[in-house]
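This report covers burial, charged pairs and helix packing in one protein chain. The sequence and structure come below.

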Amino acid sequence: MDASEMGRPPLGEREQAVLALERRGFPGPGAKERAIREELGLAPVRYYQLLNALLDDTRALAHDPVTVNRLRRIRDARRAER
């Protein structure tokens with residue numbers, strides 16, 4: 001069942017941009033935060049709030065399963081350490 005069948009719109013441009021940014025590698029400290037501010041116009045804290053919500057969104061999983069599953073594994077490992 002896709003997003004349209006569930007009555008939910010597909011991922012918006014901002015959500016897709018968050019996932020696209022997360023797929024990229026960054027050369028050094030601060031580069032990712034700078035890209036978040038410059039490319040998305042978001043504060044890093046807000047970016048990570050959106051990203052965390054996307055990890056639980058089935059539409060994000062359908063859009064980019066590799067990235068979402070990788071990030072879910074990282075998040076779960078960090079939670080298990082606590």
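Arg 75 has a relative accessible area of 13%, which is under the 20% cut-off, so Arg 75 counts as buried in this predicted model. Its salt-bridge partner is Asp 56, with the closest N and O atoms 2.9 Å apart. The two residues sit in distant parts of the chain: Arg 75 belongs to helix 5, Asp 56 to the loop between helix 3 and helix 4, and 19 residues separate them. Asp 56, at a relative accessible area of 54%, is exposed because this value is over 50%.

**Salt bridges**

A search of the whole structure gives 5 salt bridges. Among them are the following pairs, listed with the distance between their closest N and O atoms.

| Acidic residue | Basic residue | Closest N and O atoms |
|---|---|---|
| Glu 39 | Arg 24 | 2.7 Å |
| Asp 56 | Arg 75 | 2.9 Å |
| Asp 57 | Arg 59 | 2.7 Å |

The pair of Glu 39 and Arg 24 also links distant parts of the chain, with Glu 39 in helix 2 and Arg 24 in the loop between helix 1 and helix 2, 15 residues apart. Glu 39 has a relative accessibility of 47% and is therefore partly exposed. Arg 24 is likewise partly exposed, at 38%. In the salt bridge between Arg 59 and Asp 57, both residues are buried.

**Helix 3**

Helix 3 runs over residues 44-55, 12 residues in total, and spans 16 Å from its first C-alpha to its last. This is close to the 16 Å expected at 1.5 Å a residue. Its buried residues are Pro 44, Tyr 47, Leu 50, Leu 51, Leu 54 and Leu 55. Viewed down the axis of helix 3, these buried residues lie within an arc of 140°, and so they line one face of the helix. What do the buried residues of helix 3 pack against? They pack against helix 1 (13-23), helix 2 (31-40), helix 4 (58-63) and helix 5 (65-81).

**Lys 32**

Lys 32 is located in helix 2. With a relative accessibility of 17%, Lys 32 counts as buried. Leaving aside residues up to four places away in sequence, Lys 32 touches Glu 22, Phe 26, Tyr 47 and Tyr 48. One of these, Tyr 47, is also among the buried residues of helix 3.

Terms used:
Residues are numbered from 1 along each chain as its sequence is written. This is a predicted model: local features need pLDDT of at least 70, side-chain atom pairs count only at pLDDT 80 or more; totals for chains, interfaces and linings use all residues. Side-chain values use heavy atoms; hydrogens and water are left out. Helices (H or I, at least four residues) and strands (E, at least two) are DSSP runs, numbered from the N terminus. The expected span of a helix is 1.5 Å times one less than its number of residues. Buried means under 20% relative accessible area, exposed over 50%, partly exposed in between (1.4 Å probe, protein chains only). The arc is that of the directions from the helix axis to the C-beta atoms. Contact means heavy atoms within 4.5 Å. A salt bridge is a side-chain nitrogen of Lys or Arg within 4 Å of a carboxyl oxygen of Asp or Glu.
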